Structure formats: C-alpha cells, structure tokens
Amino acid sequence: MTTADAIVESLLAHGVDTVFGIPGAHTYDLIDALARRGRELRFVTTRHEQGAAYMAYGYAKATGRVGVFTVVPGPGVLNAGAALCTGYGATAPLLCLTGNIQAHLIGQGRGQLHELPDQLALLRGLTKWSERINHPTEAGAVMAEAFRQLRTGRVRPVAVETPWNVFGMSAEVTSVAPAPLAAPPAPDPAALTNAARLIAAARRPLIMVGAGALEAGAAVLELAQLLQAPVTAHRSGKGIVGEHLPYGLSAVAAWDYWRDCDLLIGIGSRLELQYLRWRWFPQGLRVVRVDIDPTEMVRLRPDVGLVTDAAVGTCALLEALRPLVGTRAARAAEFDALKQRAHAAIRAVQPQVDYLEAIRAVLPRNGLFCEEISQVGFAARFAFPVYEPRQYLTCGYQDNLGFGFNTALGAKVALPERPVVAISGDGGFLFGVQELATAVQHGIGVVSIVFNNSGYGNVRRDQQEKYGGRYLGVDLRNPDFRALAASFGALGLRAGSPAELHGVLERALADGGPAVIEVECAAGSEASPWGFLHPAPPQAAPTA
Ligand SMILES: Cc1ncc(C[n+]2csc(CCOP(=O)(O)OP(=O)(O)O)c2C)c(N)n1
C-alpha cells in the first residue's frame, strides 16, 4: 500500500465520509487515492484553504464528528490557520492532512516549493497534536493516534503531514484499524463527595455549560430539575438546555439571577461569561467545575473540581446528590420572571433584536444558525434562542471575521436536510465570499443574511466612542450583493425591514439553493449590544 492509500483506508476505517480541500503538487498522490475511493468519500473542492478548513469546522461542530480537510503545505496550511485556531479555541475535532517538501530536504532552507522553516512546529503550535508520516509503515499508527487524540480528552484539532515523496511510497501496511480508546477518567471519589455537599447546601446555584457539555444535555437537565437551578450558556453551550425549557436562561436573564447566586457549577465551560465578561462576583460565591481538561482546574481554580467527561461527571453528581437533596419546590415562575425581564431589556438593542426575532420566527426548530462577529451576531448570543445543542454555530473566543458563511456551508454539507442560516456584516461576509462558487457548484443551500452598514461597524463605534470619532479603515464600498450572488449563480435578495426579512427568508429557504439576502442598515444606526455582553457591576448600575 502507498502512504496515501493507507491514509485514505484509515479515514474510511474511522468512519469519515467527506473531505474538504484543495489539491496541489505535494498532495497529488493523496488526492488520487481519494479519487480511487470517490464512491465512499465525498470530496468538496473549495476556492481557498480557509474555506476548506472552516467547512470542516462547520461539519464537525454541527455533528460532533471529525471534520477532515486537506491543503497543500506552506501557504495552504497558513491559509487554513485561522480555522485551525478557531477549532482549537472552540472545541472542534478537526483533522488537517497536508504535505511537506521532500523528506531529505526538510530543514535545509533551500527554498523548495511551499517550504516553511519548520512546518511541523507551526502545526504543533496550532493544534493539540501533530505528527509526520515518515514512511508508509508508519501511516496506520500515526492516523490511528490522530483519531485517538481527536476522540479523547479535550477536543481540539490535530494535523498529519507527509513529505511529498513519501505519499506515493509503498510498503507492507499492517493495520489501519482504530486504536482502542481509554474511558474518560472517573471523578475522584473524595472530590465528588465534597462537590455534592457544596451543591446540596447551596440555596441559589447557577449551572453554566460550554462546548465541553454538548453531549451532556440530558444529565444537565436532570441536574437542573433536581436542584431547581437555572442553566445558562454564553455561545458554545447554547441549546444544551434550551431557553424554551423553564431552566434555560439567556446570559442576560442569568446575569439578573447572578446577583444572589451562591454557587456556580461550571460544566465543560471555561467560564468566560463569568470571569471575563461579567467580572463581578456575588459575595461568598463557591465554584464547582466539571471538566475533562486538568489544566482548567489550575488555570481557574474552583472550590471543588472534577476532572472527567461532562456527562460522566454530571451523572456521578446526580447519583451523589439524590440522597442529599429531597424534592425541591418548583422555581419555574421565578425563572419565567427573569426571562420576561431579560426579554424586555434586550428590546433596546435595535434593529438587531427585531431582525433576530424575524429569523427565529422563520427558521424551523431543527434549523441551524451560524453567527459571525457583527452587530447582529453579537446580539444573537443573548437574543437568539435555540432548542438543541449544535444548532448555534459560533467561532468561540477567536471572534474571527470570515468564519461564518464558510462554517455554515460545512454544516449544510453534513446535514443537507436541515435548514442553515448564516448571518454576517458586510465586512465579514467578504472575507469568505469566494465560497459562493463552492455552494453553487456543490449545491450547498445555505441562506446568508448580510447586514450591510457600509463598514466595519463595530470598529467604527469603538473609534467614535474611544477615539473622538477619528475614523480610519472603517468605511467600506461594497459590491451590489444581489448582483454578486446572481453572478455566482446563487439567489440574490434584499430586505429593508424585519417584516420584509420574514417573507424574503421564507422564500430563500423554500428555494432550497444557496442564497444571499442583503439587509441595508444605515452606518452607525445599530444600538450597542455591549452593555449586555459586558454588563456594569450591580452596585454601579442595576441591570436593565
Ligand atoms: C479575522 C479578523 N480580523 C479583524 C477583526 C477585527 N474586527 C472586529 S469586528 C470588525 C468589524 C466587523 O464589520 P462587519 O463584518 O461589517 O460587521 P458590523 O460590525 O459592521 O456589523 C473587525 C474588523 C476580527 N474580529 N477578525
């Protein structure tokens, strides 16, 4: 078997069905091996490596399965870099397959095609784990380790590089089978007892969930019911306990509750909302964390930490708590009042909230919504309710422009039967607009809503508020978005108000193909969402 064949056989053995990417000389043997297995493995060619990597990210985030992409070494890897760091920050199982220059030339600096001084070091700086396949006999084991890394511990991208002349080299390949996976660590019994005691004694606990809890929804809901405690999320954990349920609180409603909270239970979450955004803590607050990553317990030390998988840890807590906690009086009415107050308060963020309500009204309950850093995207984090985990696709802490539309395409490739809507500003949309060609070529029916305020609106507001209105680099002269979409062969539409967007979005979703809807907003006309993302401390100004 050649190395390239062994890599492809390994992908199949690990259940991969789609590879995103762009071919190039170094990876021709890999591309040909993929072509020979074209019936089992779909290849989605993109127009930029950033697109390939974000699509793999969207595929992974929408499903929890490994998202695979292949790019040429050097510039191809660098072009994919923003998506790799997004995947690193936002807990995505991404596999990057790339090449390198010929094995005997690596590290010599002779200026070979696509050469980087030390590509493997670069990849290791962007991933959880990266390795080189030096010979076909190593291929099965390296790939199995890549998948083991993707499926154990904290989920983060990995990369495998193969020198140009090694892809086509043949040898006896003994196995491409998956490696056995170790069970997640069981929670420490003493810590479990301490955590249960703390939790049982708390009067007003708050449960905070993040991307690490995406598969723990049922257990988290049971914990919320047992404790009569609300559950909140910032962006990655949205939908784990949906806001349509009594216990699911938006971040704005949760901030209201936070004033009198006495225990924070973080499950699979970095607690960015509380420690970086709210930055105010009720007196005497205790913290219990459940996280698979032991370094989290050192970075942000809780009163009690359980190093384990989110579902395993939450189930263990439930078992330990049941004998300690009787039946508690339902607090649904109290939570409902918080929801109503939050709903009324966020209505000030216009026109974003009205547009988000129009989208929510049209997008079916099983639909996926992909945010992007923009005035509407920021508001979506607290004003766009979702019903299930993996329905709200986010870039996590990178907050990187350009991730949205391309990520939504990958999600739609993974889940073609589900409606997928991506929102962005005019700035962010043009970071990845070339993938409209991919959408049309491969029939990927994402509906993109572009809120056009003729500029990098968020920066414009910052320059206005913090730099006396000395604007630089924020005004954008845009294309005609309808004509742009049409030139690619996509549907181009326009909406001038939330009511109009309602009908236009219905039409675009019914059409089923790729569509771009432009929504014009006057420059600087959007209310700031930041008061809700970084609320003022309660003493200074009570929450809205
Ligand atoms: C990759 C990347 N480059 C630059 C930025 C800095 N940045 C943050 S918001 C923003 C403006 C976004 O403009 P637009 O997409 O039009 O959305 P708007 O704020 O106008 O709604 C910029 C440039 C970023 N977040 N990510």
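Okay, let's start with a pair of strands: strand 3, residues 67-71, and strand 4 run parallel and are joined by five bridges. If you want a spot to click on, take valine 68, whose bridge partner in strand 4 is leucine 95. Before I go on, keep in mind that this is a predicted model.

So where do those two strands sit? They belong to an open sheet of six strands, in the order 2-1-3-4-6-5, with parallel pairing. At the edges you have strand 2, residues 42-45, and strand 5; each has a single partner strand, so one side of each lacks a neighbour in the sheet. From one strand to the next, the twist averages 20°.

Now, helix 7. That's residues 136-151, 16 residues in all, and from the first C-alpha to the last it reaches 24 Å, close to the 22 Å expected at 1.5 Å a residue. Quite a few of its residues are buried, among them Pro136, Ala139, Gly140, Met143 and Phe147. What do the buried residues of helix 7 pack against? You'll find helix 1 (3-13), strand 4 (94-100), strand 5 (129-132), strand 6 (158-163) and helix 8 (164-167). After helix 7 comes glycine 153, with a positive phi near 65°.

On to the other sheet. Here again we have six strands in an open sheet with parallel pairing, and the order reads 9-8-7-10-11-12. Its edge strands are strand 9, at 248-249, and strand 12, at 304-307, and each of them pairs on one side only. Strand 9 runs parallel to strand 8, residues 231-233, and two bridges join them. Look at valine 231 and you'll see glycine 248 of strand 9 standing opposite. Packing on this sheet is helix 10, residues 217-227, which touches strand 7 (205-209), strand 8 and strand 10 (263-267). The direction of helix 10 makes about 170° with that of strand 7.

Let's talk about the cores. The largest nonpolar core has 146 residues, and the ones touching the most other members are Phe69, Ile207, Ile267, Ile359, Ile449 and Ile517. Which helix gives the most to this core? That would be helix 3, residues 49-63, with nine residues. Zooming in on phenylalanine 69, and skipping neighbours within four places in sequence, its contacts include Val19, Phe20, Ala52, Leu84, Leu95 and Cys96. There's also a second, separate core of 29 residues, including Ala4, Ala146, Val173 and Val176.

Over to helix 16, residues 352-362, and glutamine 352 in particular. Is glutamine 352 buried or exposed? It counts as buried, because its relative accessible area is 0%. Leaving out residues up to four places away in sequence, glutamine 352 touches Gln375, Val376, Ala379, Glu526, Ala527 and Pro529.

Last topic: cysteines. How many disulfides does a search of the whole structure find? Zero. Take cysteine 85: the nearest cysteine sulfur belongs to cysteine 395 and is 10 Å away. The cut-off for a disulfide is 2.5 Å between the sulfurs, and cysteine 85 is in no disulfide. As for accessibility, cysteine 85 counts as partly exposed because its relative accessibility is 23%. Cysteine 261, at 3%, counts as buried.

That's what I had; happy to rotate the model if anyone wants another look.

Conventions
Residues are numbered from 1 along each chain as its sequence is written. This is a predicted model: local features need pLDDT of at least 70, side-chain atom pairs count only at pLDDT 80 or more; totals for chains, interfaces and linings use all residues. Side-chain values use heavy atoms; hydrogens and water are left out. Two strands pair if DSSP finds at least two bridges between them. Helices (H or I, at least four residues) and strands (E, at least two) are DSSP runs, numbered from the N terminus. Contact means heavy atoms within 4.5 Å. Axes are lines fitted to C-alpha atoms, for helices over the stretch in contact, and angles run from 0 to 180 degrees between N-to-C directions. A nonpolar core is a set of buried Ala, Val, Leu, Ile, Met, Phe, Trp, Tyr and Cys residues joined through side-chain atoms within 4.5 Å. Buried means under 20% relative accessible area, exposed over 50%, partly exposed in between (1.4 Å probe, protein chains only). The expected span of a helix is 1.5 Å times one less than its number of residues.
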